[in-house]
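Colleague: Could you take a close look at one part of this model and follow its connections outward, giving the cut-offs as you go?

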Amino acid sequence: MSLIDLCERGLVPDALTRLGIRRLCAQRLREEGADDLVRADARFRELLDELRRSPIAIETAAANEQHYEVPARFFELCLGKRLKYSSAYYPTGQESLDEAEEAMLALYGERAELADGQQILELGCGWGSLTLWMAARYPNARITGVSNSGSQREHILAQAAARGLGNVEILTRDVVQLELPEENYDRVVSIEMFEHMRNYRHLLANVARWLRPEGKLFVHIFAHRHLMYPFLAEGDDNWMGKYFFTGGLMPSADTLLHFQQDLSIEDRWLLPGTHYQRTANHWLENQDRNQREVMAVLAAAYGSENAERWSQRWRMFWMACAELFGYEDGRQWLVAHYRFRKA
């Protein structure tokens, strides 16, 4: 029986699980050449070439199954009030999860230069945290969200109706085949979706085509400060890639800056990974607090015979996120914001 299997069975204390995750973080840095500039640079250039030859995205069906078709109730039990399934923002470090969600949403509004009356497109709208926030904050704006998940569309539209928000449209589309009217949007925003993408040149060319002249793209991603690597699904040590991030990519903070053929960077901001560390620890606390109902939801989703293992897998996922982004006080893996402009 492997150590991972023991962890999935709940037979390893959380403190030891976290220690093992930190050791895997150190191993990842060694393998990717964190202390070998020449090797890391060669690997980075190799991956850039691979991205340029890739389709826009791979394994989109797997990403949908792993995260976005899990019942909304599970996320209601684990996430904050806004159901923000991405890093929150803790300006003082003392915020509750709900406060930190609100703080990050407000930061998006400022950095994306959102305004009432705009036509705004959100790529990868999740459970609607930003879409619904924008719709309420900017009542004369028109918000179009794109999700790969039918259940997410139903959830967002139900919430919009309950809140009396008539300026929301949700499209269920795979971004690889996404077709939208040209020069139709003042702003395009995307929160933690680009990590599921590969060919950024093609994707950003599409975004540029959808933006009006002088329109802007705002992107929030998680990243490593200078390394880039894919999440693999094969192998005993690729647990994250197998169960939670098949086809995903850990970009570097500079990756998107190499794809400015159609959009030009206006500004970039880096937030220490400790913001994500606090977010993931709050998610774990919420799951543990609501464990009885969580088990009922997971039994319905995965089958009663698999519910306990999947409950522990989700706990391990939250811990893995917390330890990764908290590694070296958030100085290795981090959160990056970008604002691009169409000429």
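Modeller: I would begin with strand S8 (residues 264–272), which is joined to strand S9 by 8 bridges, the two running antiparallel. Strands here are DSSP runs of E with at least two residues, helices are DSSP runs of H or I with at least four, and both are numbered from the N terminus; two strands count as paired if DSSP finds at least two bridges between them. This is a predicted model, in which local features need pLDDT of at least 70 and side-chain atom pairs count only at pLDDT 80 or more, while totals for chains, interfaces and linings use all residues. Residues are numbered from 1 along each chain as its sequence is written, and side-chain values use heavy atoms, with hydrogens and water left out.

Within the pairing of S8 and S9, Ser-264 stands opposite Arg-341 of S9. Strand S9 also pairs with strand S5 (residues 211–224), through 9 bridges and again in an antiparallel arrangement, and there Phe-222 has Val-335 of S9 as its bridge partner. Strand S9 covers residues 333–341, and because 8 of its 9 residues are buried, the strand is largely enclosed by the rest of the structure. Buried means under 20% relative accessible area, exposed means over 50%, and partly exposed lies in between, with a 1.4 Å probe and protein chains only.

The charged side chains of S9 lead further out. Arg-339 is buried, since its relative accessible area is 9%, and it forms a salt bridge with Glu-113 in which the closest N and O atoms are 3.4 Å apart. That pair links distant parts of the chain, for Glu-113 lies in the loop between helix H6 (97–111) and strand S1 (119–123) while Arg-339 is in strand S9, 226 residues apart. Glu-113, at 31% relative accessibility, counts as partly exposed. A salt bridge is taken here as a side-chain nitrogen of Lys or Arg within 4 Å of a carboxyl oxygen of Asp or Glu. Both Arg-339 and Arg-341 belong to a network of salt bridges that also links Glu-113, Arg-187, Glu-214, Lys-216 and Glu-266.

By this rule the model has 30 salt bridges, and two others can be set beside the one in S9. Asp-14 and Arg-315 meet through their side chains at 2.7 Å, N to O, and this pair also links distant parts of the chain, with Asp-14 in helix H2 (residues 14–31) and Arg-315 in helix H13, 301 residues apart. Asp-14 counts as partly exposed at 28% relative accessibility, whereas Arg-315 is buried, with a relative accessible area of 11%. Glu-323 forms a salt bridge with Arg-18, and their closest N and O atoms are 2.7 Å apart. Here too the two ends are distant along the chain, Glu-323 being in helix H13 and Arg-18 in helix H2, 305 residues apart; both Glu-323 and Arg-18 are buried.

Helix H13 is also part of the surroundings of helix H12. The buried residues of H12 pack against helix H5 (72–78), helix H11 (274–289) and helix H13 (307–326), where contact means heavy atoms within 4.5 Å. Helix H12 itself has 12 residues (residues 291–302), and at 1.5 Å a residue it should span 16 Å, which agrees with its end C-alpha atoms being 16 Å apart; the expected span is 1.5 Å times one less than the number of residues. Val-294, Val-297 and Leu-298 are buried in this helix. They cover an arc of only 95 degrees around the axis, which puts them on the same side of H12, the arc being that of the directions from the helix axis to the C-beta atoms. Arg-292 and Ala-300 are exposed on the other side of H12, and the helix is followed by Gly-303, whose phi is positive, near 100 degrees.

Helix H5, one of the packing partners of H12, contains Glu-76. Glu-76 counts as partly exposed, since its relative accessibility is 35%, and it touches Leu-83 and His-155 when residues up to four places away in sequence are not counted. Glu-76 and Asp-49 lie 27 residues apart in sequence and 40 Å apart in space, C-alpha to C-alpha.
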